[in-house]
Amino acid sequence: MLFWNVDTQIDFVYPRGKLYVQGAENLRPQWKELTRLAKENSIRVVNTADYHYANSAELDSSPDFVNTFPEHCMAGTRGADYIRETDPEDPVIFDWDKEYLITPGLFGREEHRNFVIRKDAFDVFTGNPMTEKILKYLNPDTVVVYGVTTNVCVDAAVKGLAKKVNNVYVIKDAIKELPNIPLPFETWEKKGVELITLEKLKELMTAN
Ligand SMILES: [Zn+2]
């Protein structure tokens, strides 16, 4: 089992964030619990993060809030950091604008539990060329997805994961959407993605 934490960054979650997602701060207890579950059960976590520079295609001074957005999660700023509840412990960080020599040892279960994949696009699979390689090495049978936002970056991650992983679970009480963009639940269902509660996940984990 692999956990997949999508963009739980200060700019999205805190009401004072640059691209605050209404109500996201209410999910902090669930996110804290997921982080705890991962640690307690030695589950590896892929943490994705928006990480933009001023010339990003996603940013616009007159944003439409569908394809373009105001400045957020700018490289090196506090807003790009994870919130306390999901802040990855001792992660391996993969920037989207650098190349990395990948060795199998990097993904040894004892070496590292947390991975951070920075991206300059909604979709982590197109926003960082390392994503596919990392997923290939981690080779999970089941991925558990949570974070923000349901109808943008979580959606892209879920669709990409559904192509490559047998079981994709999305924790429905640990995701939050942006307004004015259609919700992806029907499409997910067609792809065999399962929406479950955090309680249900805990049941499944104790059953195994
Ligand atoms: Zn962004």
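This is a guided tour of one structure, with a selection to make at each stop and a note on what is there. The model is predicted, and every value quoted below was computed from it.

**The zinc site**

Begin by selecting the zinc ion together with Asp50, His52, Glu58 and His72, which coordinate the metal at 1.7 to 2.1 Å. The two histidines each use NE2, while Asp50 contributes OD and Glu58 contributes OE. If you follow these donors along the chain, their spacing reads D-x1-H-x5-E-x13-H. Is the arrangement of the four donor atoms tetrahedral or irregular? The arrangement is irregular, because the angles subtended at the zinc ion run from 97 to 146°, whereas a tetrahedral site would need all angles to lie between 85 and 135 degrees. Before leaving the site, colour Asp50 and His52 by accessibility; both of them are buried.

**Glu85 and the largest pocket**

Select Glu85 next, in the loop that runs between strand E2 (44–50) and strand E3 (92–94). Although it sits in a loop, Glu85 counts as buried because its relative accessibility is 12%, and the cut-off for buried is under 20%. Which residues does Glu85 contact, once its neighbours within four places in sequence are left aside? They are Arg28, Trp31, Lys32 and Thr35.

Now display the largest pocket, which has a volume of about 210 Å³. Of the 15 residues in its lining, those closest to the centre are Thr35, Glu85, Asp87, Glu89 and Arg113, so named here that you can select them as a group. Helix H2 (28–40) and E2 are the elements that give two or more residues to this lining, and H2 gives the most, with three. Coloured by class, the lining of the largest pocket shows seven charged, five polar and three nonpolar residues.

**The second largest pocket**

Turn to the second largest pocket, for which the volume is about 170 Å³. To outline it, select Ala49, Tyr51, Ala80, Asp81, Tyr82, Asp87, Pro88, Pro91, Ile93, Val116 and Arg118. How many residues of this lining are nonpolar, polar and charged? Eight are nonpolar and three are charged, and no polar residue is present. Asp87 deserves a label at this stop, since it appears in this lining and is also among the residues closest to the centre of the largest pocket.

**The enclosed cavity**

Rolling a probe the size of a water molecule over the atoms shows where empty space is left. In this model there is one cavity of 30 Å³ or more, and the space in the largest cavity comes to about 80 Å³. It is lined by 13 residues, and the closest to its centre are Phe12, Leu19, Val152, Cys153 and Leu178. The lining of the largest cavity divides into eight nonpolar, two polar and three charged residues.

With Phe12 still selected, add Gln22, which belongs to the loop between helix H1 (10–13) and H2. The C-alpha atoms of Gln22 and Phe12 are 8.7 Å apart, with their positions 10 residues apart in sequence. Gln22 counts as exposed because its relative accessibility is 62%.

**Val45 in strand E2**

Move to Val45, a residue of strand E2 that is buried, with a relative accessible area of 4%. Show its contacts and, not counting residues up to four places away in sequence, you will find Leu2, Phe3, Asn5, Ala38, Arg113, Asn114, Phe115 and Tyr146. Val45 and Met1 are 44 residues apart in sequence, and their C-alpha atoms are 9.3 Å apart in space.

**Backbone stops**

Most residues other than glycine have a negative phi, and most peptide bonds are trans. Three places in the model are worth inspecting with that in mind.

- Select Asp7, in the loop between strand E1 (2–6) and H1, where phi is positive at about 55° although the residue is not a glycine. Asp7 counts as buried, at 0% relative accessibility.
- Select Phe65, in the loop between E2 and E3, which also is not a glycine and has a positive phi of about 60°. Phe65 counts as partly exposed, at 39% relative accessibility.
- Select Val148 and Thr149, which are joined by a cis peptide bond with omega near -15°. Thr149 is in the loop between strand E5 (142–148) and helix H5 (153–164).

Terms used:
Residues are numbered from 1 along each chain as its sequence is written. This is a predicted model: local features need pLDDT of at least 70, side-chain atom pairs count only at pLDDT 80 or more; totals for chains, interfaces and linings use all residues. Side-chain values use heavy atoms; hydrogens and water are left out. Helices (H or I, at least four residues) and strands (E, at least two) are DSSP runs, numbered from the N terminus. Buried means under 20% relative accessible area, exposed over 50%, partly exposed in between (1.4 Å probe, protein chains only). Contact means heavy atoms within 4.5 Å. Donors are N, O and S atoms within 2.8 Å of the metal (3.2 Å for Na, K and Ca); water is not among the atoms, so sites may look incomplete. Four donors count as tetrahedral if all angles lie between 85 and 135 degrees; four count as square planar and six as octahedral if opposite donors are over 155 degrees apart and all others between 65 and 115; anything else is irregular. On a 1 Å grid over the protein atoms alone, a cavity is a set of points where a 1.4 Å probe fits but cannot get out, and a pocket is an open set with protein on both sides within 12 Å along at least five of seven lines; lining residues have an atom within 4 Å of a point. Grid points are joined across faces, edges and corners, and a volume is the space filled by probe spheres set on the points. Ala, Val, Leu, Ile, Met, Phe, Trp, Tyr, Cys and Pro count as nonpolar, Asp, Glu, Lys and Arg as charged, and the others, Gly among them, as polar.
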